[in-house]
Amino acid sequence: MSYFLQQLKAYAGLDDTDVALIEKVMHDIEPQWAHITDMTQANQIKVLEAFQKNQVADFHLNGSTGYGYGDTGRDVLEGVWAELFKAEKALVRSNLVSGTHAIATVLFGILRAGDEAVSISGMPYDTLQTVIGKSDDARGTLREFGVSHKSVPLVDNDFDEEAIRKAVTPKTKMVLIQRSRGYEWRDSLSIEKIARACDIVKSISEDIIVFVDNCYGEFVEEREPLEVGADIIAGSLIKNPGGAMAPRGGYIAGRADLVDASGERLTAPGISEDVSSALDFNRPAFQGLFMAPLIVEQALKGAVFSAAYLAAKGYTVSPTADAPRTDIIQCIAFGDPDKLRKFCQGIQAASALESYVTPYDDQLPGYDDPVIMAGGTFIQGSSIELSIDGPMREPYIGYMQGGLSISHIITSVCLAAKRMEA
Ligand SMILES: *Cc1c(COP(=O)(O)O)cnc(C)c1O
């Protein structure tokens, strides 16, 4: 038995049967891990080249204060980002407070009264439904500003061309695509599928703006959405591209005119993206971007291990261990509220921080069912760090993602599984 497995056995209270299963699973997933390693190494070179082309230097790691005029660190960071994601322009800002804020900034920056937006990957992520506006009396929403929205569901985990052609007309200003599964039991959308969707939309009208919510997808595949026809993307820095080092922030990247319009909304018309001091943000944002392929590799390998290990124990998982990965989320259907609860409590118990806390499911604003959340992360709410949450409803699905090191993910999942079954 390896030294790691000896330690793990003692730490997680495993028996010989558990250890034998872990050994088997680790052997079985070698081909998937090899593919992930390859992707990481290729993406690492892309990141390196983007740094070098933009001549990143030590003094760029410092930030400015006040208005932030002439914050060259901020400007060079955005240059690196644009290079890497094949954008004409990018905003990478700590005052984009989250992914939702970054996405909302694009929506409000570009859409005007009378415009129509169509989501072609089903209803968007929960927090964005609130931004779009669920009811007439909700304030500050797109709906209140006179922007209409409709959504076209996916069929068999893919875009529904016929329904898209019916819903999207030349009158449509923007089409929204969500790359990741979010908190739904569906496959995330591969870059190949997104490419096809962009072609369909552009064949209806070249003028329709394709906006991709890129959350959880960065560095998982060879290409990013702007390379296959999307016009603008946005995401969160406390997910994949922050490399677990960016302490906050979001990004917007794509066509210059669209990024400019978003910048006007982010600050104020006229001052746009020329203001906003980076303070202490530049160093961790640069370093996190450099580390991001490695951290995504850990998260992906951990997700594959978890899929294989929990499937071997009889649970339904999505994606399966051998399925191609297009985001970092791993869903596990526990089929039993107590199992979901105990598994989440096990993940918390194996965290570096707040391991002594026991999470319970509770009612949260905006959710229909009680939700349980676990993850003792260094950055509050970070989901590139190991975290899991799940709504308390059939079939009791845990949505797990992230992890800073593969050893920690394996340790946590084995401990959580053991406690769940105890
Ligand atoms: C996380 C996420 C968001 C929102 O990001 P926050 O940083 O939590 O506001 C939007 N869309 C998808 C698909 C996400 O996964």
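The buried residues of helix H5 (residues 99–110) are Gly99, Ala102, Ile103, Ala104, Thr105, Val106, Leu107, Phe108, Gly109 and Ile110. Buried here means under 20% relative accessible area, exposed means over 50%, and partly exposed is in between, with a 1.4 Å probe and protein chains only. That makes H5 a mostly covered helix, with ten of its twelve residues buried. Helices (H or I, at least four residues) and strands (E, at least two) are DSSP runs, numbered from the N terminus.

A word on where this comes from: the model is predicted, local features need pLDDT of at least 70, side-chain atom pairs count only at pLDDT 80 or more, and totals for chains, interfaces and linings use all residues. Residues are numbered from 1 along each chain as its sequence is written, while side-chain values use heavy atoms and leave out hydrogens and water.

Back to H5. What sits over its buried residues includes H6, strands S4 (172–178), S5 (209–213), S6 (232–236) and S7 (250–254), and helix H9 (256–266), where contact means heavy atoms within 4.5 Å. The helix has the length you'd expect: at 1.5 Å a residue its twelve residues should span 16 Å, and the end C-alpha atoms are 17 Å apart, which agrees. The expected span is 1.5 Å times one less than the number of residues. At the start of H5, a side-chain oxygen of Ser98 comes to within 3.4 Å of the backbone nitrogen of Thr100.

H5 also matters for the ligand shell, in that H5 gives the most to it, with three residues. The full set around the ligand is Ser98, Gly99, Thr100, Ile103, Tyr125, Gln178, Asp213, Cys215, Tyr216, Ser236 and Lys239, each with a heavy atom within 4 Å of the ligand. By class that's four nonpolar, five polar and two charged residues; Ala, Val, Leu, Ile, Met, Phe, Trp, Tyr, Cys and Pro count as nonpolar, Asp, Glu, Lys and Arg as charged, and the others, Gly among them, as polar.

Here are some polar contacts to the ligand, each a pair of N or O atoms within 3.5 Å:

| Residue and atom | Ligand atom | Distance |
|---|---|---|
| Gly99, backbone N or O | oxygen | 2.7 Å |
| Asp213, polar side-chain atom | nitrogen | 2.6 Å |
| Lys239, side-chain N or O | oxygen | 2.9 Å |

Taken alone, the ligand exposes 370 Å², and the protein buries 89% of that; these areas come from the Shrake-Rupley method with a 1.4 Å probe.

Now for the backbone oddities. Most residues other than glycine have a negative phi, and most peptide bonds are trans. Phe219, in the loop between S5 and S6, has a positive phi near 65°, and Phe219 is buried at 6% relative accessible area. Ser276 lies in the loop between H9 and helix H10 (282–312), with phi at about 105°, and Ser276 is buried too, at 12%. As for cis bonds, the one from Ser318 to Pro319 has omega near -5°, and Pro319 is in the loop between strands S8 (316–318) and S9 (330–333). The bond from Glu394 to Pro395 is cis as well, with omega near -5°; Pro395 is in the loop between strands S11 (387–391) and S12 (397–401).

Two last residues. Gln348, in helix H11 (residues 337–349), counts as buried at 6% relative accessibility. Lys134, in the loop between helix H6 (126–132) and strand S3 (148–151), counts as exposed at 51%.

Note on methods: Polar contact = N/O pair within 3.5 Å; in protein donor to acceptor, adjacent residues only side chain to side chain.
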